[in-house]
Amino acid sequence: AKRELADRAKLYFEPDHKLLAIGFSPLLDIRLITALVEPFTDQNPDVTSFFKECFMDSLVNSLQVGQISMAIRPVQHPPKMLAFKTATLPFYREPIFVVPRDGASSIVEGNGPITINQLAEETFILTPNTCGHANATRSWFKQCGQTIKEYAGQAVNYQVMQEWAGLGLASAILPWSKIAP
């Protein structure tokens, strides 16, 4: 926050100073985002860039008030209408994996792809509706005509989801980049 304030002050007092503030959802893989931005920053040393991890609503608000220049977030189904005109561009796709609850390995027999219909009877741990994970997971089930069975509690992060699955509380569905070794 201190650095962001200093960069904003520099923008005000030095209009030639350029700032690229990139907000992103915690659900996304920061390694891929930095790989995308690195060539730009290398070619534009006069631009100060920084990343800001934000929850979904905060991303929209930060973009509206100019706190960030760009927002990178998961696709939402149905798409959320914004109060201002935006351009969208697909950034990357990431494999999604099921982390079965301890004792439920039969839901992911083999190493191949599985369908939402095969998962319909399992219960899943979700996060609060803040990072895009819960909404994305619910939408996959809905698109397949299924209703997800949600574990009563909510995990605050992806590591907790894996720990709870290991304890046998419920299964989890996570992008590859969020699965701990």
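# Exercises: helix α5 and the sheets of a predicted model

The cover over the buried residues of α5 includes α4 (116-119), β5, α6 (158-166) and β7 (172-175). Keep in mind that the model you're looking at is predicted. Let's start with that helix and then move outwards.

**Exercise 1. Find out which residues of α5 are buried, and whether Ser139 counts as buried or exposed.**

Step 1: Pick out the helix. α5 spans residues 133-143, and Ser139 lies in it.

Step 2: Go through its buried residues. They are His133, Ala134, Ala136, Thr137, Ser139 and Phe141.

Step 3: Check Ser139 against the cut-off. Buried means under 20% relative accessible area. Ser139 has 7% relative accessibility, so it counts as buried.

Step 4: See what the side chain of Ser139 is up to. It reaches the backbone oxygen of Ala136 at 2.8 Å. Ala136 is itself among the buried residues of α5.

Step 5: Walk off the end of the helix. Just after α5 you'll meet Gly145, with a positive phi of about 75 degrees.

**Exercise 2. Work out which strands α5 connects in a β-α-β unit, and which hand that unit has.**

Step 1: Name the parts. The unit is made of β5, α5 and β6, and it is right-handed.

Step 2: Look at how the two strands sit together. β5 (residues 123-126) and β6 (residues 149-154) run parallel, joined by three bridges.

Step 3: Pin down one pair. Thr123 has Lys149 in β6 as its bridge partner.

**Exercise 3. Put the strands of the three-stranded open sheet in order and say which ones are at the edges.**

Step 1: Read across the sheet. The order is β2-β1-β3, with parallel pairing.

Step 2: Spot the edges. β2 (47-53) and β3 (70-72) each pair on one side only, which makes them the edge strands.

Step 3: Look at the twist. From one strand to the next, it averages 20 degrees.

Step 4: Count the bridges on either side of β1. Seven join β1 to β2, while β1 (residues 18-24) and β3 pair over three.

Step 5: Find a residue pair for each. Lys18 stands opposite Val47 in β2, and Phe24 has Ile72 in β3 as its bridge partner.

**Exercise 4. Trace the chain from β1 to β2, then find what helices α2 and α3 touch or lie across.**

Step 1: Follow the chain. It leaves β1, passes through α2 and arrives at β2, in a right-handed β-α-β crossover.

Step 2: Place α2. This helix (residues 30-43) packs on the sheet and touches β1, β2 and β3. Its direction makes about 170 degrees with that of β2.

Step 3: Place α3. Residues 56-64 form this helix, which lies across β1 and β3 and runs at about 165 degrees to β3.

**Exercise 5. Zoom out: how many helices and strands does the protein have, and what share of its residues is buried?**

Step 1: Count the elements. There are six helices and seven strands.

Step 2: Line them up from the N terminus. You get α-β-α-β-α-β-β-α-β-α-β-α-β.

Step 3: Get the buried share. Of the 181 residues, 35% count as buried.

Step 4: Turn to the surface. The protein exposes about 11400 Å², and carbon and sulfur atoms supply 56% of that.

Step 5: Finish with the contacts. Take those in the protein with a separation of 6 or more: 67% of them are between residues 24 or more positions apart.

Conventions:
Residues numbered from 1 in each chain as written. Predicted model: local features only at pLDDT ≥ 70, side-chain atom pairs only at ≥ 80, totals over all residues. Heavy atoms only, no water. Pairing = 2+ DSSP bridges. Helix = DSSP H or I, 4+ residues; strand = E, 2+ residues; numbered from the N terminus. Axes fitted to C-alpha atoms, helices over the stretch in contact; angles between N-to-C directions. Contact = heavy atoms within 4.5 Å. Right-handed = clockwise from strand over helix to strand, strands pointing away. Buried < 20%, exposed > 50% of the residue type's maximum accessible area, 1.4 Å probe, protein only. Areas by Shrake-Rupley, 256 points an atom, 1.4 Å probe, with all protein chains shown as cover. Polar contact = N/O pair within 3.5 Å; in protein donor to acceptor, adjacent residues only side chain to side chain.
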